[in-house]
Every structure is written in C-alpha cells, then in structure tokens.
Amino acid sequence: PHKNHIGLLRALAWLRTRKRTTVPLVCTGALNGHFPAIKAEIRRLDLERQVHFLGYVSPAVLKVLLLNARCMVVPSRFEAGSFPLMEAFSTGIPSATSNVTSLPAQVGDAALLFSPDDVPGMAMAVHRLWTDEKLRALLAGRALELAAERTWMKTARGYHNLYRQAAEAPASGGAR
C-alpha cells in the first residue's frame with residue numbers, strides 16, 4: 001500500500017474524466033499480497049484497457065520499457081530512495097514523484113513533485129508530463145545531468161572515503 005498504486009489509479013481516472021486525457025500505465029515488479037486490491041480498483045475505475053501490470057520482467061524488457069516511456073511517476077507514501085527514478089533519470093525519462101521522505105532530495109529540480117494524498121495534484125503532474133513537450137524536454141535534460149553526477153563509481157568512491165576516514169579516526173568512548 002505504501003507504493004500508492006491506488007492513488008495513481010485514481011489520478012488516471014480523474015484525468016480521463018476531468019481532462020479527457022487517457023494516459024496508459026505500465027507497472028513492473030512483484031504482484032504481492034496487495035495486488036488483489038489494486039486489481040479491484042482497476043476494475044472499479046474501468047481502467048482495464050489503459051493499465052498493465054507485467055510482474056517481474058527481464059532486464060532487456062525493462063530497458064525497452066524505459067526507452068519507450070513518455071514519463072515516470074512514483075506516487076509512494078514512503079520511499080527511502082527510488083531506484084526506478086534513478087533508472088528513469090539515466091535514460092532521460094521526465095518524471096514526477098511524491099514530495100515525501102527523501103524523494104525531493106533525490107530528484108532536486110529534475111522532476112515534478114506532488115503530495116501522494118492529493119489525487120488531483122498527482123493527476124495534474126501526470127497531465128503536465130503527458131501533454132507538455134517543452135517541460136518533458138527540460139526535465140529529461142535535468143534528469144540526465146543528475147544521473148551523470150550520481151554514478152555507481154562516484155557512490156563507491158564516496159563510501160570508500162567515508163570508511164577510510166572512519167577507520168583512521170580515533171575511537172570515541174566505549175570499552176577497549
């Protein structure tokens with residue numbers, strides 16, 4: 001439930017009803033114990049033709065999906081850090097994400113932000129990404145820049161330096 005698929009489904013239904021905009025949704029990953037509730041909401045909102053849950057996919061299929069995505073939306077209520085957002089950024093996919101926990105710091109100015117509990121606000125973020133080509137281009141460029149700054153090698157070097165500093169620092173207190 002913390003991934004907030006139901007909120008995103010409601011945002012898509014809101015867009016279809018209020019803005020007459022149909023945005024297809026493709027989701028990957030585990031179809032866990034919460035999936036029956038998601039499936040019921042898809043039926044209730046009559047979204048069967050525009051929403052697709054694929055389960056786990058191969059890295060090759062994921063790459064094809066990312067390369068063909070118009071945008072990425074991460075509506076989580078709690079997220080320590082979003083690997084899907086970093087995957088999207090590395091392929092220049094314009095994104096929108098909820099404004100909770102570490103997500104705003106993770107994306108900086110490279111994505112649109114919305115409250116995960118504000119269905120119309122989420123819907124409008126999706127609508128902007130879906131319809132505004134200039135905004136998509138701007139966010140795609142920022143995403144690629146951010147991804148270039150946050151490589152695995154830079155992360156590894158940063159941790160290596162932290163571990164080296166910690167190993168060289170004198171012990172503080174405690175038993176010896």
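This briefing covers salt bridges, one helix-helix contact and the surroundings of two residues. The structure is a predicted model. A search of the whole structure finds 5 salt bridges, and three of the pairs are described below. The helix contact is that of helix 4 with helix 7, and the two residues are Leu54, placed in a loop, and Gln106, placed in helix 5.

**Salt bridge Glu79–Lys3**

- Glu79 and Lys3 form a salt bridge in which the closest N and O atoms are 3.0 Å apart.
- This pair links distant parts of the chain, with the two positions 76 residues apart in sequence numbering. Glu79 sits in the loop between strand 3 (72-74) and helix 4 (83-90), while Lys3 belongs to the segment before helix 1 (5-19).
- The two partners fall into separate accessibility classes: Glu79 has a relative accessibility of 10% and counts as buried, whereas Lys3, at 35%, is partly exposed.

**Salt bridge Glu41–Arg10 and its network**

- Glu41 pairs with Arg10 in a salt bridge, and the closest N and O atoms are 2.8 Å apart.
- Because Glu41 lies in helix 2 (residues 35-44) and Arg10 in helix 1, the pair ties together parts that are 31 residues apart in sequence.
- Glu41 is buried, with a relative accessibility of 7%; Arg10 is partly exposed at 39%.
- A network of salt bridges links Arg10, Glu41 and Arg44.

**Salt bridge Asp109–Arg142**

- The side chains of Asp109 and Arg142 also meet in a salt bridge, with an N to O distance of 3.8 Å. That distance is inside the 4 Å cut-off used for a salt bridge.
- Asp109 is in the loop between helix 5 (103-107) and strand 5 (111-114), and Arg142 is in helix 7 (residues 133-149), so the pair ties together parts that are 33 residues apart in sequence.
- Asp109 counts as exposed because its relative accessibility is 51%, and the exposed class begins over 50%. Arg142, at 29%, counts as partly exposed.

**Packing of helix 4 against helix 7**

- The axes of helix 4 and helix 7 are 7 Å apart, and the two helices pack at an angle of about 110 degrees. Helix 4 is therefore roughly perpendicular to helix 7.
- Helix 4 contributes Met86, Phe89 and Ser90 to the contact, and helix 7 contributes Ala143, Leu144, Leu146 and Ala147.
- By residue class, the contact of helix 4 with helix 7 has 6 nonpolar residues, 1 polar residue and no charged residue.

**Surroundings of Gln106**

- Gln106 is located in helix 5 and is buried, with a relative accessible area of 11%.
- Leaving aside residues up to four places away in sequence, Gln106 touches Gly81, Ser82, Leu85, Met86, Leu146 and Arg150.
- Among these neighbours, Met86 is also part of the helix 4 side of the contact with helix 7. Leu146, another neighbour of Gln106, is on the helix 7 side of that contact.

**Surroundings of Leu54**

- Leu54 is in the loop between strand 2 (51-53) and helix 3 (59-68).
- Its relative accessibility is 41%, and Leu54 counts as partly exposed.
- With residues up to four places away in sequence left out, Leu54 touches Val26, Cys27, Thr28 and Leu65.
- Leu54 and His34 are 20 residues apart in sequence, and their C-alpha atoms are 15 Å apart in space.

How values were computed
Residues are numbered from 1 along each chain as its sequence is written. This is a predicted model: local features need pLDDT of at least 70, side-chain atom pairs count only at pLDDT 80 or more; totals for chains, interfaces and linings use all residues. Side-chain values use heavy atoms; hydrogens and water are left out. Helices (H or I, at least four residues) and strands (E, at least two) are DSSP runs, numbered from the N terminus. Buried means under 20% relative accessible area, exposed over 50%, partly exposed in between (1.4 Å probe, protein chains only). Axes are lines fitted to C-alpha atoms, for helices over the stretch in contact, and angles run from 0 to 180 degrees between N-to-C directions. Angles under 35 degrees count as roughly parallel, over 145 as roughly antiparallel, 65 to 115 as roughly perpendicular and the rest as oblique. Contact means heavy atoms within 4.5 Å. Ala, Val, Leu, Ile, Met, Phe, Trp, Tyr, Cys and Pro count as nonpolar, Asp, Glu, Lys and Arg as charged, and the others, Gly among them, as polar.
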